[in-house]
Amino acid sequence: MQVAIFYSQLKLGVADYSHWAEAMLERVQDQHGFIRAHSFRDESGFGVTLSYWETESDLKAWGQDEAHRKAMQFGRDEAYLSYRLEIAEIQSVTER
């Protein structure tokens with residue numbers, strides 16, 4: 001399993017940000033290999049999104065999705081002061 005960890009500092013008051021975020025959350029649910037995602041954002045605009053994928057190739061395919069690429073461009077050009085993406089492999093999962 002792979003996890004993409006996306007850290008971002010949102011520009012406060014950005015028009016259309018919630019539209020893009022909701023659209024991508026809806027779209028990712030239909031992507032091959034997508035497992036789940038969690039997002040957190042504080043009042044200063046700092047946020048973290050974790051998305052879990054069955055394989056590295058599934059995650060890479062999401063990165064090439066046309067609508068997702070447009071959303072990423074919006075983020076770079078309009079929405080984020082800064083961002084960072086980390087990709088990690090999950091080697092084991094323990095659930096209770």
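# A first conversation about the predicted model

Student: Which elements each supply at least two residues of the lining of the largest pocket?

Tutor: The elements that do so are the strands β1 (2-10), β2 (34-41), β3 (46-53) and β4 (80-89), together with α1, α2 and α3 (66-79). Please bear in mind that this is a predicted model.

Student: How much space lies in that largest pocket?

Tutor: The largest pocket holds about 1000 Å³ of space.

Student: And how many residues line the pocket, and which lie nearest its centre?

Tutor: The lining consists of 34 residues. Those nearest the centre of the pocket are Phe6, Thr49, Trp62, His68 and Tyr80.

Student: What is the lining like by class?

Tutor: Nonpolar residues account for 21 of the lining, polar residues for 8 and charged residues for 5.

Student: Let us change topic. Which residues make up the largest nonpolar core?

Tutor: That core has 8 residues, namely Ala4, Met24, Val28, Phe34, Trp53, Leu59, Trp62 and Ala71. Two elements, α1 (17-28) and α2 (56-64), give two or more residues to the core. As background, nonpolar side chains in soluble globular proteins tend to be buried together.

Student: What does Met24 touch, leaving out residues up to four places away in sequence?

Tutor: On that basis, Met24 touches Trp62, Ala67, His68 and Ala71. Trp62 and Ala71 are also listed among the residues of the largest nonpolar core.

Student: Ala71 again. How far apart in space are Ala21 and Ala71?

Tutor: Their C-alpha atoms are 8.2 Å apart, while the two residues are 50 residues apart in sequence. Ala21 belongs to helix α1.

Student: Is Ala21 buried, partly exposed or exposed?

Tutor: Ala21 is partly exposed, because its relative accessible area is 33%, and that class runs between 20% and 50%.

Student: On to the aromatic rings. How many aromatic pairs does a search of the whole structure find?

Tutor: The search finds 7 aromatic pairs. In one of them, Phe6 and Tyr83, the ring centres are 6.0 Å apart and the planes stand at 35°, so the pair is tilted.

Student: Where do Phe6 and Tyr83 lie?

Tutor: Phe6 is in strand β1 and Tyr83 is in strand β4, so this pair ties together parts that are 77 residues apart in sequence. Phe6 counts as partly exposed at 23% relative accessibility. Tyr83 likewise counts as partly exposed, with a value of 43%.

Student: What about the rings of Tyr17 and Tyr80?

Tutor: Their centres are 5.9 Å apart with the planes at 75°, so this pair is edge-to-face. The pair links distant parts of the chain, since Tyr17 sits in helix α1 and Tyr80 in strand β4, 63 residues apart.

Student: Are Tyr17 and Tyr80 buried or exposed?

Tutor: Both Tyr17 and Tyr80 are buried. Ring pairs link these two with Phe6 and Tyr83 into a cluster.

Student: Which residues does Arg41 touch, not counting residues up to four places away in sequence?

Tutor: Arg41 touches Ser8, Leu10, Tyr17, Phe46, Gly47 and Tyr80. Arg41 is found in strand β2, and its relative accessible area of 34% makes it partly exposed. The C-alpha atoms of Arg41 and Thr94 are separated by 26 Å.

Student: How far is Leu50 from Thr94 in space?

Tutor: From C-alpha to C-alpha, Leu50 and Thr94 are 17 Å apart. Leu50 is in strand β3. Setting aside residues up to four places away in sequence, Leu50 touches Val3, Ala4, Ile5, Arg36, Ala37, His38 and Phe40.

Student: Now the loops. Where is Gln31, and what does it contact?

Tutor: Gln31 is placed in the loop between α1 and β2. Beyond its neighbours within four places in sequence, Gln31 is in contact with Trp53, Trp62 and Asp65. The C-alpha atoms of Gln31 and Trp62 are 7.1 Å apart, although 31 residues separate the two in sequence.

Student: And what is the phi of Asp16?

Tutor: Asp16 has a positive phi of about 75°, although it is not a glycine. Most residues other than glycine have a negative phi. Asp16 lies in the loop between β1 and α1.

Conventions. Residues are numbered from 1 along each chain as its sequence is written. This is a predicted model: local features need pLDDT of at least 70, side-chain atom pairs count only at pLDDT 80 or more; totals for chains, interfaces and linings use all residues. Side-chain values use heavy atoms; hydrogens and water are left out. A nonpolar core is a set of buried Ala, Val, Leu, Ile, Met, Phe, Trp, Tyr and Cys residues joined through side-chain atoms within 4.5 Å. Buried means under 20% relative accessible area, exposed over 50%, partly exposed in between (1.4 Å probe, protein chains only). Helices (H or I, at least four residues) and strands (E, at least two) are DSSP runs, numbered from the N terminus. Contact means heavy atoms within 4.5 Å. On a 1 Å grid over the protein atoms alone, a cavity is a set of points where a 1.4 Å probe fits but cannot get out, and a pocket is an open set with protein on both sides within 12 Å along at least five of seven lines; lining residues have an atom within 4 Å of a point. Grid points are joined across faces, edges and corners, and a volume is the space filled by probe spheres set on the points. Ala, Val, Leu, Ile, Met, Phe, Trp, Tyr, Cys and Pro count as nonpolar, Asp, Glu, Lys and Arg as charged, and the others, Gly among them, as polar. Rings of Phe, Tyr and Trp (its six-membered ring) pair if their centres lie within 6.5 Å; planes under 30 degrees apart count as stacked, over 60 as edge-to-face and the rest as tilted.
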